[in-house]
Every structure is written in C-alpha cells, then in structure tokens.
Amino acid sequence: MADPGTLLREIEPERLGAWLRERRWFGAKAADLSHFGVLDTVPLREQPPALVCALVEARFNSGMHDLYQLLVSARDRSGEQDGEVIGALDGSEVFDALSDPAEATVLARLMQSGATIDAAQGTVSFHWTGKLPAISDRPSVRPMGVEQSNSTIVLDEDLALKVFRRLLPGENPELEMLRFLSMHGFENIAALGGWYEISGDRLGATLGILQRFISDGRDGWDFALQEPEAFLGRVVELGAVTGRLHSVLASDATDPDFAPEEPADEALGLVVATIDEEIERVFIDLPQDDERTAPIVGRGEEVRDRLQLLSHQSAGGRLIRHHGDYHLGQTLLSPRHGWVILDFEGEPARSLPERRRKRSPLRDVAGMLRSFAYAASAMQLLEGREAPAGWEEQARQGFLDGYMETVEPVLMPAGASAVGKLLSIYELEKAVYELRYELNNRPDWVGIPVAAIVRLLEAPLD
C-alpha cells in the first residue's frame with residue numbers, strides 16, 4: 001500500500017479543494033480561493049495501515065492562506081462513494097482517518113509517551129501532564145457530537161481528544177488558558193491531560209489537546225431549559241465559580257501574558273467607538289415594516305446617545321485574560337465536580353491575537369446574562385411553554401450576587417453604579433451583534449435582542 005502522505009500530495013488540487021469545502025469545519029466555503037495544496041506530512045504510524053498527519057493549505061487570491069490539519073490513511077480502492085474519501089489513485093484511496101474514531105488513540109498514546117517527530121516544516125512534539133489516567137490497552141472510542149470547527153473523540157468515557165482542524169499561528173488560547181488555570185489551582189475545568197504541537201522556523205501551532213471527559217456533566221443550557229426552577233437553585237454557584245475564574249486569571253502579576261492591566265484612558269473609548277459603528281450599520285439595515293423590530297425602528301441615534309452616556313462614568317477596574325465566548329452552552333453541571341467551564345478557545349471568527357487580548361471581565365459576565373435572556377425565550381420557542389414568571393431577572397440577580405461575592409474587587413470599576421454602566425455597555429455590544437445575526441439567520445429569534453435594546457433604553461442611568 002502506498003504511503004498516504006504521498007497519495008495525498010498526488011491528488012489533484014481541485015479534488016482536494018472540493019472535499020475540503022464539504023467539511024463542516026472548513027471556514028472559507030464562500031471565499032475566493034486560488035489554490036489547495038499539501039504543505040507537510042508527518043508519519044504517526046508507519047506499520048500498516050499507515051497514519052499521517054497532513055498540513056493542508058487553502059490559498060486565497062489575495063495572497064493570504066488558511067492552514068488545516070488532516071489525519072489521513074490509505075486503503076484499497078472500494079469503488080463506493082464515501083464522503084470521507086479525499087481522493088483515489090490507481091488501486092488506492094486516501095481518506096480522513098478520523099472517520100474511524102479508534103485512530104484517535106494513536107495521538108493519545110503519542111502524548112502519553114512524550115514522542116517527538118521531525119517534519120519538513122518543523123518538529124511535532126507530544127506532551128503528557130501525568131494528571132489523568134493512562135489510556136487502556138483497548139479503549140472504547142466514539143465521536144462527541146457533530147463536528148464544528150474541531151473534531152473531538154471520547155476515549156473510555158474518561159478522556160476527550162480535541163483535534164484542531166483550522167490551525168492558527170501561535171499557541172491556541174485553550175491550551176494556554178487550561179495550562180495556566182491548572183497551574184494556579186482552578187479546579188472547575190476539564191483537566192488538561194496532554195497536547196501536541198508543531199514548531200519550526202516558519203510555523204508554530206497547537207494541533208490538539210487531551211482533557212478529562214466529564215461523563216456525568218449536564219449541559220448548562222439544557223439544564224436551564226428543562227428544569228428552570230432547579231437551575232435558579234444553582235445559578236448563584238455558577239456566578240461564584242465565574243468570579244473565581246476571573247480572580248485566578250488575574251492572580252499572577254509575574255506572567256506578562258496574564259498579568260492584569262489598568263485600562264488606558266482611551267481603552268473604553270475604542271470599545272465604545274466600535275459598538276457605535278456597529279449600531280449605525282445595523283440600524284441602517286433594520287426592516288421598517290416588521291413588527292418584531294418595531295420597538296427599536298428609528299431609534300438608532302437614541303441607542304448611540306445612551307451608549308455615550310453610559311461610557312462617561314464606567315471606566316476603571318482591570319483588563320484581564322477572560323473566557324471570550326461565555327454562555328450557558330460552555331458550562332456543565334456535574335454531581336462530582338460542580339460547575340465546569342469549557343471551551344477556552346474564544347470566538348472562532350476572531351484571530352488569535354484578538355482572542356488573547358485582555359479585556360474587562362465584565363465582558364464574560366455580559367455574555368452569560370445574555371444567555372439567560374436566550375434561555376427564557378427558548379423555553380417558548382423550542383419547548384412551547386412560557387418561562388416561569390420573573391425567571392430571567394432572578395437568574396441575572398442570582399448570578400451577579402454569586403459573582404460579586406467572589407470576584408477580586410480590584411478587577412471591577414469602583415462602585416455599583418460604575419459596574420452597572422460598564423456591564424450595560426458590554427450587554428449592548430452583545431445585543432447589537434445578536435440583532436444582526438438573528439436578522440440574517442433566525443428571524444423568529446429577533447425579538448430577543450430587540451427586547452434587550454429596549455430594556456437598555458428604558459433603564460435609569462443611576
């Protein structure tokens with residue numbers, strides 16, 4: 001059988017590109033792409049059937065490019081149409097090896113052994129923390145959920161291997177954050193077991209991570225929708241865990257990547273200016289004859305004025321590393337571990353420098369408060385029943401009570417009024433983004449961000 005890396009290089013670029021465009025994790029489906037090619041291949045297993053890690057380039061007409069990771073193997077050509085087959089040559093076909101979840105065990109064992117493999121573009125190194133149990137001889141394996149921007153495989157219902165598909169230069173924030181939180185004693189995470197990465201003169205990137213799989217964890221979003229009253233009984237605890245998360249992220253002044261910073265005089269002004277521009281764009285395109293947007297039609301200038309008023313007395317606190325994409329779907333509630341916070345990659349559409357940028361921790365808080373608003377509305381939209389009376393407000397207040405009780409006070413602006421104003425700015429940022437998204441993708445959900453904007457306009461400033 002031919003080497004799968006060699007076969008992959010010989011596949012026509014058009015065929016490789018067509019296959020990539022069909023993957024859920026391929027992020028440039030509508031982009032103007034000029035070329036697809038194999039940048040490097042790294043042998044992970046040489047005995048048959050061989051397994052190769054391939055770095056594949058999608059180049060844009062602008063000269064920029066995206067880089068993707070494939071795990072590929074080869075087999076005799078079957079003649080059947082299989083979506084995981086990338087291409088065929090002569091009597092062999094090369095395919096996405098993660099279509100067989102068992103192949104993930106190869107990566108996990110390489111981490112456990114601390115292997116190092118040389119490649120043309122650098123060195124692929126595998127790391128093991130020693131904090132999780134060793135992989136069994138014949139582990140059970142299964143994919144976790146539907147592939148999004150990554151591929152995740154569960155091993156022995158105890159470990160979760162996440163293979164990053166789209167690679168960005170530098171250390172992935174999820175690895176960086178998990179390693180920092182583990183070193184500083186924050187336990188409300190899925191513990192880091194290992195990772196693998198490539199490093200060289202021209203390329204350095206995190207390729208994947210291995211974490212504890214929280215087998216008894218219940219998704220926070222599902223919990224809120226299915227048992228809203230029980231959720232209220234645990235929401236103060238969620239706020240407290242979030243407050244501890246931010247306090248730990250701000251706890252090491254000796255680490256320049258995590259040391260808290262005082263906001264510069266112009267920092268809030270830049271945030272406000274960005275939100276202001278987005279308000280202007282969204283309100284220009286707002287449907288004029290839609291009853292769902294009627295409460296805010298023609299009120300763009302009023303929203304912008306309110307934003308400016310809020311910004312006058314809401315500076316202060318500290319800028320820190322934060323979650324960056326925080327909502328109920330990024331949490332689990334476990335009988336053994338309590339609330340567990342997941343997915344520290346940040347917003348997938350943002351670049352790594354943007355995801356690593358220090359911001360007010362209240363940006364995370366705003367994301368969770370907006371998630372409560374969505375959960376309250378989703379009970380009707382998805383479940384066909386009204387949320388319990390006052391549920392959203394009780395969830396907000398409980399979360400904030402728990403959060404303010406545990407977060408390091410120096411991270412907050414001075415005084416409850418300043419905290420409230422800065423939080424309102426970040427909630428408005430979220431709501432304006434949501435409004436554009438829902439108008440373009442889920443018109444039935446438009447009322448949720450509209451209600452948030454109306455509440456902001458009607459709220460007293462003091």
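A polar contact, as I shall use the term, is a pair of N or O atoms within 3.5 Å, where, within protein, one atom must be able to donate a hydrogen and the other to accept it. Good morning, colleagues. The structure before you is a predicted model, and I shall begin with a residue to which that definition applies.

The residue is E176, which is placed in helix α4, spanning residues 173-183. Its side chain makes a polar contact with the side chain of R356, at 2.7 Å. Is E176 buried or exposed? The relative accessible area of E176 is 6%, and buried means under 20%, so E176 counts as buried. Leaving aside residues up to four places away in sequence, E176 touches E171, D257, F258, R321 and R356.

One of those neighbours, R321, deserves a closer look. E176 and R321 form a salt bridge, with the closest N and O atoms 2.9 Å apart. Because E176 lies in helix α4 and R321 in the loop between α9 (300-311) and β15 (331-334), this pair ties together parts that are 145 residues apart in sequence. R321 is buried as well, with a relative accessible area of 1%.

Let me now turn to the other salt bridges. How many salt bridges does the count come to? The count comes to 39 salt bridges. I shall describe two more of them.

The first joins the side chains of K162 and E174, with an N to O distance of 2.7 Å. K162 belongs to strand β10 (residues 159-164) and E174 to helix α4, so the bridge ties together parts that are 12 residues apart in sequence. K162 counts as buried at 8% relative accessibility, and E174 counts as buried at 0%.

The second is between the side chains of R363 and E347, at 3.2 Å from N to O. Here R363 lies in helix α11 (residues 362-381), while E347 lies in the loop between β16 (338-341) and α10 (352-356), so parts that are 16 residues apart in sequence are tied together. R363 is buried, with a relative accessible area of 5%. E347, at 19% relative accessibility, counts as buried too, because the cut-off is under 20%.

Salt bridges may also share partners. In this model, such sharing joins K162, E174, D343, E345 and R355 into one network. K162 and E174, the pair I described a moment ago, are thus among the members of that network.

I move next to the N-terminal part of the chain and to helix α2. This helix covers residues 13-21, and within it L16, G17, W19 and L20 are buried. Why do these residues line one face of the helix? Viewed down the axis of α2, the buried residues fall within an arc of 160°, so they line one face. As a general point, an α-helix has 3.6 residues a turn, so residues three or four places apart point the same way. What do the buried residues of α2 pack against? They pack against α1 (4-10), β1, β2, β3 (65-76), β4 (85-89) and β5 (92-96).

Two of those strands, β1 and β2, form a hairpin. Strand β1 comprises residues 33-45 and strand β2 residues 51-60, and the two pair in the antiparallel sense over 10 bridges. A hairpin of 5 residues joins β1 to β2, and R45 stands opposite L51 in β2. P49 lies in the loop between these strands, and the peptide bond from P48 to P49 is cis, with omega near -10°.

That bond brings me to the backbone. In general, most residues other than glycine have a negative phi, and most peptide bonds are trans. Two further residues are of interest in this respect.

D90 has a phi near 50°, a positive value in a residue other than glycine. D90 is placed in the loop between β4 and β5, and it is exposed, with a relative accessible area of 73%.

E157, likewise not a glycine, has a positive phi of about 55°. E157 is found in the loop between β9 (150-155) and β10. With a relative accessible area of 34%, E157 is partly exposed.

To close, I return to helix α4. E174 in that helix has its salt bridge with K162, and E176 has its salt bridge with R321 and its polar contact with R356. Thank you for your attention.

How values were computed: Residues are numbered from 1 along each chain as its sequence is written. This is a predicted model: local features need pLDDT of at least 70, side-chain atom pairs count only at pLDDT 80 or more; totals for chains, interfaces and linings use all residues. Side-chain values use heavy atoms; hydrogens and water are left out. Two strands pair if DSSP finds at least two bridges between them. Helices (H or I, at least four residues) and strands (E, at least two) are DSSP runs, numbered from the N terminus. Buried means under 20% relative accessible area, exposed over 50%, partly exposed in between (1.4 Å probe, protein chains only). Contact means heavy atoms within 4.5 Å. The arc is that of the directions from the helix axis to the C-beta atoms. A salt bridge is a side-chain nitrogen of Lys or Arg within 4 Å of a carboxyl oxygen of Asp or Glu.
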